[in-house]
Amino acid sequence: MTERGTTTRKPTDEKQTTGKLVADEMGLDTPPALAVDTLLDDPKTRIIVCCGSGGVGKTTTAAALGVRAAERGRKVVVLTIDPARRLAQSMGIASLDNTPRKVAGVSGDGGELHAMMLDMKRTFDEIVEAHADGERARAILANPFYQSLSAGFAGTQEYMAMEKLGQLRARDDWDLIVVDTPPSRSALDFLDAPKRLGSFLDGKFIRVLMAPAKVGGRAGMKFLNVGMSLMTGTLSKLMGASLLKDVQTFVAAMDTMFGGFRTRADATFRLLQAPGTAFLVVAAPEPDALREAAYFVERLAAERMPLAGLVLNRVHDSAAEQLSAERALAAAENLEEAGIVDQESGKAGLRDSDADTGTPETGSPSAVDADVDEITAGLLRLHAERMQVIAREQRTRDRFTSLHPEVAVAEVAALPGDVHDLAGLRAIGERLATGVPAGA
């Protein structure tokens, strides 16, 4: 997955088993199984963070874990950052917002499930309202630069997700918080957001703009006139005079809050490092997704954050894995190109039926026989393609596990359609916990 050199693989004499032929041939050990129920049932587990690159099923995984944990007796809140609103639909809720809402139809031995969807701007507004007096809060909320920053500054969504996580944990209303991280291009954005926002707040540009507010009064205005005179022209051209004024007003109003942002970000980062937190890296059995997962595993180790394991979604399987792709293709070609192998009497009982189809004198296949052969060959080719996909996914997973053999893995087989209700989420949770193929 990453250019970290080669891994020595020791040969094995273990018997090859169905579904693991590729791994056995390469001499790779099966990774340890992820004990999902043990993780959910442990009262010391207070936060589960589902992370990974976009489009790998983080939202569904987080929701399924929440449903299963609640029905096993935990008081759970699922925090999603997915704007597609799939979580609300699957839980039978008209809509989700920044307030946790109880999910009906989920019950266990004292368990409850609540769900919410992060409203990035509203969370930012709540921070301002909580840490600034009324007049200053109103000035900040009305400031055009603040409105732009709170709605779309790079990294703001990830930072606000961590802010909301810290708020939920501080309330202590739930004994388990499941976090669905933002659908970012990179899974690392979630961990990097506080650092990026801190760098922005500590940057030279912000410090220059903050200086007049720190000096205060006429001295501050004099400093602004002198210190900014050399750069105002250039900045006005780049940003526009109106925007520059909005930025200066925003910085002056937010000055006393900047330290609070960094303090809370640091506190949430330490919370993520605490023993009660468990990270689940979610991926699909595809090179890009598992490469991202490998980076994240290494980053978690470097940051000393607790990794529970890897959830591998949308894994393909087959009920006829004993029929290899090569044999299936050969059989399909045999049916499509008569004469490659003996097709005399006795083959599947089809040729002997010629006498009953109106062609006894020639012995040639009837139209029905030809149709059956064509359909059978097509099915064999579909099976061969499926087996090739399975082998490719297995090789991709084995490259990951060869680099990270210590990472426990739970595989969830690909479903024929999307999960759209609580029954589907329960089925996913069951498969996460037991490894039962999704098509079983």
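Select alanine 63. At 1% relative accessibility, alanine 63 counts as buried; buried means under 20% relative accessible area, exposed over 50%, and partly exposed in between, with a 1.4 Å probe and protein chains only. This is a predicted model, where local features need pLDDT of at least 70, side-chain atom pairs count only at pLDDT 80 or more, and totals for chains, interfaces and linings use all residues. Residues are numbered from 1 along each chain as its sequence is written, and side-chain values use heavy atoms, with hydrogens and water left out.

**Around alanine 63**

Alanine 63 sits in helix H3, residues 58-71. Helices (H or I, at least four residues) and strands (E, at least two) are DSSP runs, numbered from the N terminus. Show the neighbours next. Leaving out residues up to four places away in sequence, alanine 63 touches Leu87, Met91 and Leu425. Contact means heavy atoms within 4.5 Å. Now add aspartate 180. Its C-alpha atom is 8.4 Å from that of alanine 63, although 117 residues separate the two along the chain.

**H3 against H18**

Keep H3 and add helix H18, residues 422-434. The two pack at an angle of about 85 degrees, with their axes 8 Å apart. Axes are lines fitted to C-alpha atoms, for helices over the stretch in contact, and angles run from 0 to 180 degrees between N-to-C directions. H3 is therefore roughly perpendicular to H18. Angles of 65 to 115 degrees count as roughly perpendicular, under 35 as roughly parallel, over 145 as roughly antiparallel and the rest as oblique.

Which residues of H3 and H18 make the contact? On H3, select Thr60, Thr61, Ala63, Ala64, Leu65, Val67, Arg68 and Glu71. On H18, select Leu422, Leu425, Arg426, Ile428, Gly429, Glu430, Leu432 and Ala433. Colour them by class: 9 are nonpolar, 3 polar and 4 charged. Ala, Val, Leu, Ile, Met, Phe, Trp, Tyr, Cys and Pro count as nonpolar, Asp, Glu, Lys and Arg as charged, and the others, Gly among them, as polar.

**The nonpolar cores**

Zoom out to the core residues. The largest nonpolar core has 96 residues. Such a core is a set of buried Ala, Val, Leu, Ile, Met, Phe, Trp, Tyr and Cys residues joined through side-chain atoms within 4.5 Å. Those with the most contacts inside it are Met91, Leu113, Leu191, Leu272, Phe279, Leu310 and Leu432. Centre on leucine 310. Its contacts, not counting residues up to four places away in sequence, are Leu34, Val281, Ala283, Leu290, Ala293, Phe400, Val407, Ala408, Val409 and Ala410. A second, separate core has 9 residues, including Ala328, Leu335, Leu380 and Ile390.

**Alanine 331**

Go to helix H16, residues 325-336, and pick alanine 331. Is alanine 331 buried or partly exposed? With a relative accessible area of 30%, alanine 331 is partly exposed. Add threonine 376: it lies 45 residues from alanine 331 in sequence and 9.2 Å away in space, C-alpha to C-alpha.

**H5 and its two partners**

Select H5, residues 120-131, with H8, residues 156-171. Their axes come within 9 Å and cross at roughly 60 degrees, so H5 and H8 are oblique to each other. The contact uses Met120, Thr123, Phe124, Glu126 and Ile127 of H5. From H8 come Thr156, Gln157, Met160, Glu163, Lys164 and Gln167. By class, this contact has 4 nonpolar, 4 polar and 3 charged residues.

Swap H8 for H6, residues 134-142. H5 and H6 pack at about 155 degrees, with their axes 8 Å apart. H5 is therefore roughly antiparallel to H6. Asp125, Val128 and Glu129 of H5 meet Ala137, Ile140 and Leu141 of H6. This contact has 4 nonpolar, no polar and 2 charged residues.

**Two backbone stops**

Most residues other than glycine have a negative phi. Aspartate 172 has a positive phi, near 60 degrees. Find aspartate 172 in the loop between H8 and strand S5 (176-180). At 48% relative accessibility, aspartate 172 is partly exposed. Then jump to arginine 304, not a glycine either, with a positive phi of about 60 degrees. Arginine 304 is in the loop between helix H15 (287-302) and strand S7 (307-315). Its relative accessible area is 73%, so arginine 304 is exposed.

**The whole chain**

Finish with everything shown. The chain has 18 helices and 8 strands. Of its 440 residues, 46% count as buried.
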